[in-house]
Amino acid sequence: MTPAQDSAPHDDPAGGILGRRYRALTLGIISVVSLIAFEASAVNTAMPVAARALDGIGLYAFAFSAFFTASLFAMTLSGEWCDRSGPLLPLFTGIAAFGTGLVIAGSAQRMWMFVAGRGVQGIGGGLVIVALYVVVGRAYPERLRASVMASFSAAWVVPVIVGPLVAGAVTEQLGWRWVFLAIPALVLLPLAVMLPALRALPPGPPAGTPDRRRILLALGVAAGAGLLQYAGQDLTPWALLPAAAGLALLVPCIRRLLPRGTFRARRGLPSVVLLRGIAQGSFVAAESFIPLMLVTERGLSATLAGFSLTGGGLTWALGSYTQSRRRAEPYRERLMSLGMGLVALAVVLMATVLVRGVPVWVAGASWVFGGYGMGLTISSGAVLLLKLSRPGEEGTNAASLQTSDALGSILLVGLAGVLFVSFGGGSTAVGEAASAAPPHAFAAVFAAAAAFALVGAYVATRLAPRGAAGRGVTSVPPSGDPGA
């Protein structure tokens, strides 16, 4: 950490993230993250009703992929924008785009319009998440950043529990449109709370022109990922064409977009970025098939199957709080390796539920370990990223981290789907899979997720730059090298 990054104007030894100096900004950040979390859980609940009402079941999956694909592009755009002019404009533009997308989706008369609204939401979400990371890097001293990242995770707890219940009630009593149309109005209060604090942020390095090459690379990544998602939803021989085109775009673009040495697990920042993608992808790949497994193999209702994952959300926040303690700082890399080991253990324990003699409560208990491991790993990754970023590169590096998250989820969930089908799982739709999926189809998915989690545990041993352990060295390799 250089003196410029942790200078006296930031230092407030008497206060934490809720002290007088940081209270308004912290509450505003938590409010924005909570609203995004509430939207994610609420929209997932209302989406099936919306698709049926708009006669758009055939485009149902694209309502999700449009959000993901648009956010991939917006993350890099936000990083370049933040590094050149600060996080204020990207943050407020992202929030405005997010709200606009909700309004478009909520007022849609055709499914294609609904999908377009979700794409606009994705642009807003990508702009916001990267800008928030830059705000943390510039507004808070290093000693408080782990606590801020813990508050990010804590902000998801209540929305994940309450969101589906509220959205279900609103959908049944008022209609699905109000789930989308009501959320934008809730954004106004956190904006008003945090605006003065955002205006008072210290200036970054002198502004330059955005790196158009990186923006074009991000567009290639988004297009490639979109083509791969389309191919994954159309398992016919013709799907090989968009799959090949998607790979041809995605592979060269992503190697140049992420930090040099990312895919070789080079020590320091590249391994931090790689680990986040592995962690997010392995966890989401397993989690995506758990409710289906519990419904089809163990006869649980959809509500109980979903409820079995709630404990993981709570312990995720607990793990994030654990890594935020000052005493944990010297052991951050070890905590992240432990976290990935706990994710692998959780997935293996979940696979044992496929055996009829194993009590079904083991599913909920196992995901408690997985959530705690993710809390240790994900929040620590954000803290290390900011620590290893040079002044003026926080936005670019945060965009790389978020891009790795999204791509890890897309690619490993896609791999899980291929394995599921290849081992006789048939369609992943509940109605068809209920009678078609043999236990070993789920076992193949869980085995792959556990294996990647163990790879993540190894990558976590390479997070400290060579020769820099314990010395605060922040030198990082530049982005944009084909050797990534």
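Hi everyone, this is a short walk through one buried helix, one residue beside it and one surface patch, all in a predicted model.

Let's start with helix H18, which covers residues 439-459. H18 has 21 residues and reaches 31 Å from its first C-alpha to its last, close to the 30 Å expected at 1.5 Å a residue. Many names come up when you look for its buried residues, among them Ala-441, Phe-442, Val-445, Ala-449 and Ala-453. What do the buried residues of H18 pack against? Their partners are helix H11 (269-298), helix H14 (332-352) and helix H16 (394-422).

Now let's step across to H11, where we find Ser-282. Is Ser-282 buried or exposed? Its relative accessibility is 1%, and buried means under 20%, so Ser-282 counts as buried. Leaving aside neighbours within four places in sequence, Ser-282 is in contact with Ala-449, Phe-452 and Ala-453, and also with Met-340, Val-343 and Leu-412. Two of those names should sound familiar: Ala-449 and Ala-453 are buried residues of H18. The side chain of Ser-282 also has a polar atom 2.8 Å from the backbone oxygen of Ile-278.

Last stop, the surface. Here Val-158, Ile-161, Val-162, Val-166 and Leu-314 make a nonpolar patch of about 370 Å². Which helix gives the largest share of the patch? That is helix H5, residues 142-173, with four residues. Leu-314, on the other hand, lies in helix H13, residues 310-324. With a relative accessible area of 41%, Leu-314 is partly exposed, whereas Ser-282 is buried.

Thanks for listening!

Terms used: Residues numbered from 1 in each chain as written. Predicted model: local features only at pLDDT ≥ 70, side-chain atom pairs only at ≥ 80, totals over all residues. Heavy atoms only, no water. Helix = DSSP H or I, 4+ residues; strand = E, 2+ residues; numbered from the N terminus. Expected span 1.5 Å × (residues − 1). Buried < 20%, exposed > 50% of the residue type's maximum accessible area, 1.4 Å probe, protein only. Contact = heavy atoms within 4.5 Å. Polar contact = N/O pair within 3.5 Å; in protein donor to acceptor, adjacent residues only side chain to side chain. Patch = residues over 30% accessible without salt bridge, like charges linked within 9 Å, V, L, I, M, F, W, Y side chains within 5 Å. Areas by Shrake-Rupley, 256 points an atom, 1.4 Å probe, with all protein chains shown as cover. Salt bridge = Lys/Arg side-chain N within 4 Å of Asp/Glu carboxyl O.
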